[in-house]
2 protein chains.
Amino acid sequence: MNEPILRKAQPDYRWQGVDIRAYKDEASAPFRGVTRQVLASAPDLKGELRYFEIAPGGWTTLERHQHAHAVTILRGRGRALVGHEVVEIGALDLVTVPAWAWHQFRAAADQPLGFLCMVDAERDRPQLPSPAERAELEAMPQVAEFFAGS
Amino acid sequence: MNEPILRKAQPDYRWQGVDIRAYKDEASAPFRGVTRQVLASAPDLKGELRYFEIAPGGWTTLERHQHAHAVTILRGRGRALVGHEVVEIGALDLVTVPAWAWHQFRAAADQPLGFLCMVDAERDRPQLPSPAERAELEAMPQVAEFFAGS
């Protein structure tokens, strides 16, 4: 695929020639209100750049994997769980998800959360938590509060 | 280096714990008014994400290399030369610089131009144009106009 040199930004965080895709297969993992746009992916790049947008009150899949994420928030506000830490995030903040850290992003109730995510083009498949792993996370008050969306 | 999970955005496109660096060694190549911040660079990422900012009227080095760039404009306005094409760029536009394309970014006279650039962590060194290559570029009216900054 030959990328065009320029893809103009369109209103509302869309881009010329970039499709809005499903975040992932709905049967494969739980999530709510997430879309995905692939902004850069090419044979001569070892990284990929994707734009994810979470609708107000929505959330990405709680998962972990060997590959790392480098996230740049572009719009809105929300919170992220990375490992056992919960952080408040807003426009232009940078979030690093290291290898094997459980992570989830949640949009605020009243705003979407849009972010760029840089990732290796070749990467392993995410793992979902077992019931025991989920219970272990929920035993931490800050994580329980995060999952509750409060 | 262990990255912190969160680096908060600071006013004016700076980030907590991220140094503003020289764009490149001033003796190595011509440029004007460019700074560099490394937003993501880690052993477990094959890509790097950098934020470059060009002061009003400034410009990056005219160069080419084997590695590709995936650029996302974050602020301001300007123009880019990629190969023989000159494009107008503004916030959130995406620019792809393919392998071996001559390229340069120029900020508008009255605004800075700030952009994210995703690149392979392992990459070749840029080449500068020879006088003959520069003349060949300048023989194209749109490129001559671009270099003149008009």
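## Exercises on a two-chain contact

In this predicted model, the contact between the chains draws 32 residues from chain A and 32 residues from chain B.

**Exercise 1.** Determine which elements of chain A give two or more residues to the side that touches chain B, and describe that side by residue class.

*Solution.* Begin with the elements: those that give two or more residues to this side of chain A are β1, β5 (32-40), β6 (47-59), β7 (69-82), β8 (85-90), β9 (94-97) and β11. Then sort the residues by class, which yields 21 nonpolar, three polar and eight charged residues on the side of chain A that touches chain B.

**Exercise 2.** Work out how chain A and chain B are related in space, and which C-alpha of chain A is nearest the axis.

*Solution.* Superposing chain A on chain B takes a rotation of 180 degrees with 0.0 Å of shift along its axis, and the RMSD is 0.0 Å. The two copies are therefore related as by a two-fold rotation axis. In chain A, the C-alpha nearest this axis belongs to Gly47(A), at 2.4 Å from it. As a last step, compare the contact residues: 100% of those of chain A recur in chain B, and the same surface thus serves both copies.

**Exercise 3.** Identify the strands that pair with β9(B), and establish which way its residues point.

*Solution.* Take first the partner from the other chain: strand β1 (residues 6-7) of chain A is joined to β9(B) by two bridges, and the two strands run antiparallel. Here Leu6(A) stands opposite Val95(B), while Arg7(A) has Leu94(B) as its bridge partner. Within chain B, strand β7 (residues 69-82) is joined to β9(B) by four bridges, again in an antiparallel arrangement, and Val71(B) stands opposite Val95(B). In a regular strand the side chains alternate between the two faces of the sheet. For β9(B), Leu94(B) and Thr96(B) point one way and Val95(B) and Val97(B) the other way, and all of these are buried.

**Exercise 4.** Is Asp120(A) buried, partly exposed or exposed, and which residues does Asp120(A) touch?

*Solution.* Locate the residue first: Asp120(A) lies in strand β11 (residues 113-120) of chain A. Because 17 other C-beta atoms lie within 10 Å, Asp120(A) counts as partly exposed, given that a buried residue needs 20 or more and an exposed one has 12 or fewer. Leaving aside residues up to four places away in sequence, Asp120(A) touches Lys46(A), Gly47(A) and His67(A) as well as Leu45(B), Lys46(B) and Gly47(B). Finally, Asp120(A) and His69(A) are 51 residues apart in sequence, with a C-alpha to C-alpha separation of 8.3 Å in space.

Methods: Residues are numbered from 1 along each chain as its sequence is written. Chains are lettered from A and ligands numbered from 1 in the order in which they are written. This is a predicted model: local features need pLDDT of at least 70, side-chain atom pairs count only at pLDDT 80 or more; totals for chains, interfaces and linings use all residues. Two residues are in contact if their C-beta atoms, placed from the backbone, lie within 7 Å. Two strands pair if DSSP finds at least two bridges between them. Copies are superposed by least squares on the C-alpha atoms of residues with pLDDT of at least 70 in both. Ala, Val, Leu, Ile, Met, Phe, Trp, Tyr, Cys and Pro count as nonpolar, Asp, Glu, Lys and Arg as charged, and the others, Gly among them, as polar.
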